[in-house]
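Hi,

Here is the structure I promised to pass on to you. Have a look at it first, and then read my notes below.

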Amino acid sequence: MLYPIDAYDKHGLLKPSAMLWLTLIFNAKAWIIFVMAGASREQGAQVLEILYPVRNNLYFAMVMGLPALFLMWLTGQRHKNKKLINALWRRGKSILLAAYMTDCALQVYQLTLLHGAFSWSRAITLLITVWLGLYLIRSTRVRNTFADQPLER
């Protein structure tokens with residue numbers, strides 16, 4: 001499939017779309033919250049206490065966000081024609097999908113622990129997780145972005 005010329009970077013690789021960046025950022029949300037809590041020293045502990053009352057959930061969410069952070073870093077490294085980087089990049093969609101499915105399963109598990117108690121924040125987070133997971137599965141742009149590899153020189 002052909003994309004507009006501005007969809008490619010200076011090395012001829014298909015750039016991740018804005019929606020894929022949003023997906024990566026959403027998957028790394030625990031890291032973003034952690035950094036923001038660290039930046040606001042006075043209220044940082046309170047913010048973490050509100051968003052992650054059980055500290056272990058924060059740590060687990062941070063582990064779940066590592067693949068997204070790693071893929072964000074790999075985005076800038078793809079042009080280097082290194083076999084390991086290219087192999088990891090081509091498996092990026094599978095890695096990200098596994099992280100999303102695990103995150104979704106964890107959210108459903110936490111919902112069962114709360115005996116189905118409704119919370120708008122949990123409901124919206126679960127809905128966005130499912131939507132972005134479906135986007136990863138169905139998008140041809142995502143498939144083409146992760147299949148793209150630099151030309152051998």
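The lining of the largest pocket draws at least two residues from each of these helices: α2 (29–39), α3 (44–51), α4 (55–75), α6 (92–113) and α7 (120–138). Helix α6 gives the most, with six residues. Please keep in mind that this is a predicted model.

How many residues line the largest pocket? There are 27, and L51, Y52, Q110, R122 and T125 are the ones nearest its centre. By type, the lining splits into 16 nonpolar, eight polar and three charged residues. The space inside this pocket comes to about 840 Å³. If you wonder how one finds such a space: rolling a probe the size of a water molecule over the atoms shows where emptiness is left.

Now to the surface. L127, V130, W131, L134 and I137 together make a nonpolar patch of about 470 Å². One of them, L134, sits in helix α7. Is L134 buried, partly exposed or exposed? Its relative accessibility is 42%, so L134 counts as partly exposed, since that class runs between the 20% limit for buried and the 50% limit for exposed.

For a contrast, try I5, which lies in the segment before α1 (18–27). I5 has a relative accessible area of 75% and is therefore exposed, as the cut-off for that class is over 50%. You can also find L58 and compare positions: I5 and L58 are 53 residues apart in sequence, and their C-alpha atoms are 41 Å apart in space.

Enjoy exploring!

Best wishes

Key. Residues numbered from 1 in each chain as written. Predicted model: local features only at pLDDT ≥ 70, side-chain atom pairs only at ≥ 80, totals over all residues. Heavy atoms only, no water. 1 Å grid on protein atoms, 1.4 Å probe; cavity = no way out; pocket = protein on both sides within 12 Å on 5 of 7 lines; lining within 4 Å. Points joined across faces, edges and corners; volume = space filled by probe spheres on them. Helix = DSSP H or I, 4+ residues; strand = E, 2+ residues; numbered from the N terminus. Nonpolar A, V, L, I, M, F, W, Y, C, P; charged D, E, K, R; others polar. Patch = residues over 30% accessible without salt bridge, like charges linked within 9 Å, V, L, I, M, F, W, Y side chains within 5 Å. Areas by Shrake-Rupley, 256 points an atom, 1.4 Å probe, with all protein chains shown as cover. Salt bridge = Lys/Arg side-chain N within 4 Å of Asp/Glu carboxyl O. Buried < 20%, exposed > 50% of the residue type's maximum accessible area, 1.4 Å probe, protein only.
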